[in-house]
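Colleague: Please take one part of this model and go through it closely. I would like the packing of a helix pair, with some context from elsewhere in the chain.

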Amino acid sequence: MRELVKIELTGGAAIFLEEGNITRQRTDAIVNAANSSLMGGGGVDGAIHRAGGPAILEACKKVVAAQGRLPTGQAVATTGGRLAAGYVIHTVGPIWRGGDHDEPELLASCYRESLRLADKMHLVRIAFPSISTGAYGYPMEDAAEIALRTVMDELNTARHTREARFVLFGADAYQTYANAADKLIAAHKGAQIHIIRLNDTREVPE
Ligand code: ADP
């Protein structure tokens, strides 16, 4: 049985952590760590466009034609194309420049704006990659703490979105997020959140 972390929140919503490939998630929306041009790129962005097909790029071009480049910390939704996910929510993470260029606020904004958009679209489930921690160089321990704290706060106020799943690429990323979850729970004095480890993947089989 594959290990998975579930964090149950008091309001009934849940955060899951699992190791995997986000392009394989069967969910309402997956989040893309895009760049401002929305024209695709490397890392998870390239993987999502490859797996979802050209419909996603077509939709991105329309977004840019209508509203210009997507600012850092903002989010927009497009079709999921051929993905098992219905939608892709594209957000632009901050590039790490030492930590005193608003990186923490901008990273939190990515998670907050993505979740608010999902909630506005009445989506129940959303999956996130670890935004900014690849090519954009954000230290993963710090990013994990911000990601989990922001998603927890936002899920507690969302009306429709009940599940956020972090799909972490590789064992190290998974472990870093699991450790950040332990820290977050300790800081909450055991009250509202608890961790359950179980097998409840939404990944489609190869
Ligand atoms: P950024 O430019 O925001 O740093 P990257 O795509 O370079 O975006 O990396 C963000 C994170 O996504 C990294 O931790 C990377 O390991 C991870 N990643 C890459 N491919 C996938 C995938 N298919 N599914 C989930 N996560 C992925």
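Modeller: What follows covers a helix pair, then the ligand shell, then one loop residue. Keep in mind that this is a predicted model.

Start with the pair. Two packed helices are described by the angle between their axes and the distance between the axes. For helix α3 (residues 103-120) and helix α4 (residues 140-157), the axes come within 9 Å. They cross at roughly 35°. The crossing of α3 and α4 is right-handed.

Now the residues that meet. α3 brings P104, L107, A108, Y111, R112 and L115. Facing them in α4 are A143, I146, A147, T150, V151, E154 and L155. By class, this contact has ten nonpolar residues, one polar and two charged.

Next, the ligand. The shell around the ligand has 20 residues, and A33, G43, G134, Y136 and F169 come nearest. Helix α1 (residues 43-52) gives the most to this shell, with four residues. The shell divides into eleven nonpolar, eight polar and one charged.

Last, the loop residue. R26 is found in the loop between β2 (14-19) and β3 (29-34). Is R26 buried, exposed or partly exposed? R26 is partly exposed, because 15 other C-beta atoms lie within 10 Å; a buried residue would need 20 or more, and an exposed one 12 or fewer. Leaving aside neighbours within four places in sequence, R26 is in contact with A84, R202 and V204. P71 is 45 residues from R26 along the chain, and their C-alpha atoms are separated by 28 Å.

Terms used:
Residues numbered from 1 in each chain as written. Predicted model: local features only at pLDDT ≥ 70, side-chain atom pairs only at ≥ 80, totals over all residues. Near = placed C-beta within 6 Å. Helix = DSSP H or I, 4+ residues; strand = E, 2+ residues; numbered from the N terminus. Nonpolar A, V, L, I, M, F, W, Y, C, P; charged D, E, K, R; others polar. Axes fitted to C-alpha atoms, helices over the stretch in contact; angles between N-to-C directions. Left-handed = near helix turned anticlockwise from the far one by under 90°. Contact = placed C-beta atoms within 7 Å.
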